[in-house]
Amino acid sequence: MIINDEPARTIGILKKYDLMPRKKFGQNFLIDPHVIEKIIDAAQIEEGDCVLEIGPGIGTMTRHLCDRAAKVIAVEIDRDLVKILKEDLLKDKENLTIINEDILKVDTEELVRKENGGRPIKVVANLPYYITTPIIMGLFEKHVPMESLTLMVQKEVAQRMCAKPGTKDYGALTVAVSYYSECYLAANVPCNCFMPRPDVMSAVVRLKVLSEPPVTTGDPAKMFAIVKAAFGQRRKTLQNALVNAQGIDCTKEEVAEALESMGLPALARGEILSLEQFAAISDILTK
Ligand code: SAM
């Protein structure tokens, strides 16, 4: 049970250390105990787990993660916060390793090898919103051993991750996330759950990492080049979007033929294609 002392604790810490939350690091600290509880529950942390927390901030969630998991690794870019966490706020947490680094520069695969013998970790984070997509895609593309990612993100990004083909939210991020994981929206989170309040609504998503991609394609890099081109110019037909795109060597006629062979209109836009159909058209255009 998480006790409702978070707003007072956060104000107290900011005062004690004369801290101003840094906008450039996306510092919006969570102060709602119910939301913290929801994230921890959604993460399904078990006793033997190793957790990677990205951006522990002033340690609000980190304390609870340390109480549930066998080991917690927390990567924080802000040197001042790291000092306070190590010397005061979390100094009693013996199963915690704090790393002062930019998560985008960390060799996460090596970190998991060193800290958890290469066994899959669980990622839990209230992410800095200015780099949400690079963080998620970096972890997936580097094939970091992970069981799941439980993440606070901007609500709009959560909707894009979990979207269905043909909807306005469906895009390159949806296709990429569904290639690597199953997405589940765990909670919507209003602005007043943070200090300072962000300008946008937030949401908690849980991405359960798949052991194998749900589709097979001969050339995943080509499939993702097609996806990128299709959504880069999403109002164009797929024929027009692909014909001059980098890394895809094809004519309009070839795209039309491929679409028709899949039972789709020759003038279809990329936004109606499912992940399976992107894999299929990629393989047809490669032949
Ligand atoms: N976990 C805390 C909470 O829930 O209250 C803080 C969350 S705050 C939205 C994002 C945190 O990520 C901040 O502590 C910020 O300093 C940190 N951060 C921002 N950019 C980062 C980066 N590139 N690498 C690691 N941490 C980063």
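## A ligand tucked inside a predicted model

Around the ligand, the shell residues split into 11 nonpolar, six polar and four charged. Keep in mind that this is a predicted model.

Let's start with the ligand's neighbours. In total, 21 residues surround the ligand, and Leu 30, Gly 55, Glu 76, Asp 102 and Tyr 130 are the closest. Two strands, β1 (29–30) and β3 (71–76), each bring at least two residues to this shell.

Next come some polar partners. The table lists three pairs of atoms, each with one partner on the ligand and one on the protein.

| Ligand atom | Protein partner | Distance |
|---|---|---|
| nitrogen | N or O atom in the side chain of Tyr 130 | 2.8 Å |
| oxygen | polar side-chain atom of Gln 27 | 2.9 Å |
| nitrogen | polar backbone atom of Ile 77 | 3.3 Å |

So Tyr 130 turns up twice here: as one of the closest residues to the ligand, and as the side-chain partner of a ligand nitrogen at 2.8 Å. How much of the ligand does the protein bury? On its own the ligand exposes 590 Å², and the protein buries 99% of that.

Now for the space that holds the ligand. The structure has one cavity of 30 Å³ or more. The largest cavity has a volume of about 400 Å³, and that is where the ligand sits. Its lining is made up of 30 residues, with Ile 54, Gly 55, Glu 76, Asn 126 and Pro 128 nearest the centre of the cavity. The elements giving two or more residues to that lining are β1, β2 (50–54), α3 (60–68) and β3. By type, the lining residues come out as 18 nonpolar, eight polar and four charged.

Gly 55 and Glu 76 deserve a second look: both are listed among the residues closest to the ligand, and both are also listed among those nearest the cavity's centre. The strands β1 and β3 likewise show up in both places, in the shell around the ligand and in the lining of the cavity.

Finally, a couple of backbone details. Most residues other than glycine have a negative phi, and most peptide bonds are trans. Which residue has a positive phi near 50 degrees? That's Gln 44, which isn't a glycine; you'll find Gln 44 in the loop between α2 (33–43) and β2. Further along the chain, Met 195 and Pro 196 are joined by a cis peptide bond, with omega at about -10 degrees. Pro 196 belongs to the loop between β8 (194–195) and β9 (202–209).

Terms used. Residues numbered from 1 in each chain as written. Predicted model: local features only at pLDDT ≥ 70, side-chain atom pairs only at ≥ 80, totals over all residues. Heavy atoms only, no water. Near = heavy atom within 4 Å. Polar contact = N/O pair within 3.5 Å; in protein donor to acceptor, adjacent residues only side chain to side chain. Areas by Shrake-Rupley, 256 points an atom, 1.4 Å probe, with all protein chains shown as cover. 1 Å grid on protein atoms, 1.4 Å probe; cavity = no way out; pocket = protein on both sides within 12 Å on 5 of 7 lines; lining within 4 Å. Sits in = over half its atoms within 2 Å of the grid points. Helix = DSSP H or I, 4+ residues; strand = E, 2+ residues; numbered from the N terminus. Nonpolar A, V, L, I, M, F, W, Y, C, P; charged D, E, K, R; others polar. Points joined across faces, edges and corners; volume = space filled by probe spheres on them.
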